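Me: I'd like to go through this model with you, a few questions at a time. Shall we start with what its strands look like?

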Amino acid sequence: MSIAAAPPTTTPPTTTAPAPADATPRPVGPTNLAPTPTTRPAGPDQLAGQVPSGFTLSAKAKAHGTWARISYATNSTSLSVRISDHQPILKNGVWTEPYMDGIIGPEIVEPYKGKMYYDAMGLLPGTTYYFVVTVPTGVNQVPVQAVGTFTTLHRTLTITFDSVHVTNDSDKGAKGAGEFTFWFNVNGKQIATISKDISSDSSYAFKVDGKPLTVTIPDVLNNDIPFGVQVFEDDIQSWDTCGHFLLPGDVWDGKAVDQENECGTWLGMTDQYSAAPGQWKIGYGHQESTPIDFTMAPWKSSVHLTISGTITAVWA
Ligand SMILES: [Ca+2]
Ligand SMILES: [Ca+2]
């Protein structure tokens with residue numbers, strides 16, 4: 001596993017003008033978004049009576065999937081960062097967000113040596129945002145701001161059902177290994193069926209055609225992804241009639257069967273991947289590229305087993 005995008009290790013530029021000579025092409029908005037206040041198309045220098053504040057500022061953004069890092073350089077001891085999905089406008093010489101309800105911020109940031117950045121968390125994937133960084137200045141001083149835009153990365157989700165560990169196959173003594181059938185369902189679709197005899201205190205790694213049991217879902221934006229496993233342990237004898245239950249060879253209709261009788265044991269287990277941005281969990285925020293492990297186990301049953309799997313988000 002790896003974090004896809006390591007934090008920048010380079011020190012941000014320490015001069016203010018012109019724009020920082022970073023190698024990253026600065027995205028261009030629908031209209032001219034000035035990269036630094038020094039290239040402001042109109043405003044401060046046309047405002048009568050304003051004097052330079054002496055503050056310097058430059059800023060740039062690096063977008064991830066659900067967060068972005070705004071790196072800046074300034075000689076100010078304080079500044080504010082505002083992130084919005086609305087394009088800022090230049091009004092009376094000041095960059096402002098038209099709806100004044102930024103998605104994030106304004107956050108007051110106090111720069112100190114070694115941490116000249118602000119991480120905007122809780123963003124949506126595949127979405128364009130704008131940032132406005134502002135150094136507080138006096139009313140008679142030329143505003144010191146940096147603006148820019150970035151687009152968060154798209155998410156491709158991979159769900160892998162790794163293995164099952166059976167602690168009790170429900171088939172006592174000489175009845176032999178449990179005769180299991182597993183139906184796998186992801187996002188409302190059956191993706192695989194596997195039948196396998198597995199005895200108590202043993203594990204089985206799921207394979208389909210010799211490959212891991214994996215499903216990939218492209219471009220997961222803000223929709224949660226449900227998934228589940230249906231299990232049947234077969235005890236059918238020749239004289240039993242179990243016609244209306246899910247049986248090997250059937251297609252799972254999505255209804256969870258939770259039943260135990262002389263014909264066998266049916267279990268339904270479900271879980272879901274939450275697409276909402278999170279901050280401090282594995283698989284979210286700074287750890288958004290770290291695989292999430294999951295397990296599923298029935299609560300009450302003569303069959304005791306645990307299914308293990310992994311969910312991985314890839315951002316591009
Ligand atoms: Ca049984
Ligand atoms: Ca059995």
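Reply: Happy to! Helices (H or I, at least four residues) and strands (E, at least two) are DSSP runs, numbered from the N terminus. Please keep in mind that this is a predicted model.

Me: How many helices and how many strands are in the protein chain?
Reply: Going by those DSSP runs, the secondary structure elements of the protein chain are strands, with no helix among them. The counts are 0 helices and 20 strands.

Me: What is the average pLDDT of the protein chain, and where does the pLDDT fall below 50?
Reply: The average is 83, and 80% of the residues score at least 70. A stretch with pLDDT below 50 still has 48 contacts in the model beyond near neighbours in sequence. That stretch is residues 1-32.

Me: Which strands stand at the edges of the open sheet with the order E12-E11-E16-E18-E17?
Reply: This sheet has 5 strands with antiparallel pairing. An edge strand has a single partner strand, so one side is left without a neighbour in the sheet. That description fits strand E12 (189-198) and strand E17 (259-261).

Me: What does the twist average from one strand to the next in that sheet?
Reply: We are still in the open sheet of 5 strands. From one strand to the next, its twist averages 15°.

Me: Which residue in E18 is the bridge partner of Gly-228?
Reply: Strand E16 covers residues 225-234 and pairs with strand E18, residues 264-273, in the antiparallel sense over 10 bridges. In E18, the partner of Gly-228 is Thr-270.

Methods: Residues are numbered from 1 along each chain as its sequence is written. Chains are lettered from A and ligands numbered from 1 in the order in which they are written. This is a predicted model: local features need pLDDT of at least 70, side-chain atom pairs count only at pLDDT 80 or more; totals for chains, interfaces and linings use all residues. pLDDT is the predictor's confidence in each residue, from 0 to 100. Two residues are in contact if their C-beta atoms, placed from the backbone, lie within 7 Å. Two strands pair if DSSP finds at least two bridges between them. Axes are lines fitted to C-alpha atoms, for helices over the stretch in contact, and angles run from 0 to 180 degrees between N-to-C directions.
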